[in-house]
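Student: I should like to examine how certain descriptions of this model are justified. May we set each value against its criterion?
Tutor: Certainly; let us begin with the model itself.

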Amino acid sequence: MSERKAPFSLDQVGTGTVRFPSGAPIPTISDSSVDPYVETRVTKDFHVEGIMFWPQGTEKFPGIVVLHEWWGLNEQIKDLAKRLASEGYVVILPNLYGRQGGMVTANAEVAGGLMERIKEKDVLQDINSCCEFLNTRDHVKRNIHGVVGFGMGGSLAMQFACQRRRLRAAAAYYGKVVSPSDLLKSLHCPLLYIQATADEWAPPDDVERLRQAAKEYDKQIDIKAFEGARHAFCNETRADAYNAQAAKDAWETTMAFLSSCFKGL
């Protein structure tokens with residue numbers, strides 16, 4: 001069987017930086033084009049900064065917000081977001097550490113400190129504003145959005161899926177399960193959880209709580225376990241954890257999941 005190809009090549013993916021207010025109205029492209037002061041007007045609102053990737057096609061596409069690991073907005077996650085855009089999605093990759101100066105690190109101790117200083121309420125608001133920004137783009141389907149997160153970002157993806165009612169899909173790679181588990185009563189969309197069975201950060205007991213919550217609250221939660229895989233097994237820059245075959249299978253599982261969630265929309 002031949003390997004599945006993405007509908008767009010990486011050369012057919014556009015890239016640009018984005019900046020928009022968090023928790024405040026976001027002007028549309030038309031509004032911005034007739035406002036001569038849009039670039040210089042100063043507001044008191046915090047502004048989300050990040051990168052957007054989009055397929056260079058003529059139709060409208062679903063939008064995806066990608067949430068990075070605790071390392072910050074590094075090159076590895078940028079490459080992954082661009083790859084996701086080649087699958088036919090407009091992707092926003094926000095800097096989740098923007099309120100801390102936008103730091104990027106390869107040091108686990110520093111990364112852990114950055115993650116601990118995150119204020120979840122503020123970051124979830126920033127992620128929500130990413131969806132509202134997508135709604136102002138002419139080439140994005142309105143309110144046809146999903147979220148995909150890795151590690152720390154996977155934890156935030158699950159929390160966000162319990163908050164935004166209009167979300168259509170959430171995929172969480174080896175994230176900590178939301179606590180307490182009854183928060184999953186509010187899960188608003190199908191959830192795909194990618195589990196690394198040898199993960200010490202998000203251990204099997206955590207994932208079992210997720211499995212039980214799916215049954216108790218009758219939620220559409222699909223857990224795909226990768227036996228023997230370690231935390232961050234999809235990150236090719238982590239030599240101690242990367243598992244090429246598991247990463248490939250997890251990606252294909254995610255693409256099939258997103259496709260099913262957005263089918264016909």
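Student: Which residue just after H6 takes a positive phi?
Tutor: In this predicted model, Asp 218 follows directly after H6 and has a positive phi of about 55°.

Student: How do you know that the span of helix H6 agrees with its number of residues?
Tutor: H6 comprises 14 residues, 204-217, and at 1.5 Å a residue these should span 20 Å. The expected span takes one less than the number of residues. The end C-alpha atoms of H6 are 20 Å apart, so the two values agree.

Student: What makes the buried residues of H6 lie on the same side?
Tutor: Buried means under 20% relative accessible area, and the residues of H6 in that class are Asp 206, Val 207, Leu 210, Ala 213, Ala 214 and Tyr 217. They cover an arc of only 110° around the axis, and are therefore on the same side of H6. An α-helix has 3.6 residues a turn, so residues three or four places apart point the same way.

Student: What covers these buried residues, and which exposed residues does the face turned away carry?
Tutor: The cover includes strands E7 (191-196) and E8 (221-226). The face turned away carries Asp 205, Lys 215 and Glu 216, which are exposed.

Student: Why are H2 and H7 called oblique to each other?
Tutor: The axes of H2 (residues 75-85) and H7 (residues 244-262) cross at roughly 45° and come within 12 Å. Angles under 35 degrees count as roughly parallel and 65 to 115 as roughly perpendicular; H2 and H7 are therefore oblique. Leu 80, Arg 83 and Leu 84 of H2 make the contact with Trp 251, Met 255 and Leu 258 of H7.

Methods: Residues numbered from 1 in each chain as written. Predicted model: local features only at pLDDT ≥ 70, side-chain atom pairs only at ≥ 80, totals over all residues. Heavy atoms only, no water. Helix = DSSP H or I, 4+ residues; strand = E, 2+ residues; numbered from the N terminus. Buried < 20%, exposed > 50% of the residue type's maximum accessible area, 1.4 Å probe, protein only. Arc of directions from axis to C-beta. Contact = heavy atoms within 4.5 Å. Axes fitted to C-alpha atoms, helices over the stretch in contact; angles between N-to-C directions. Parallel < 35°, antiparallel > 145°, perpendicular 65-115°, else oblique.
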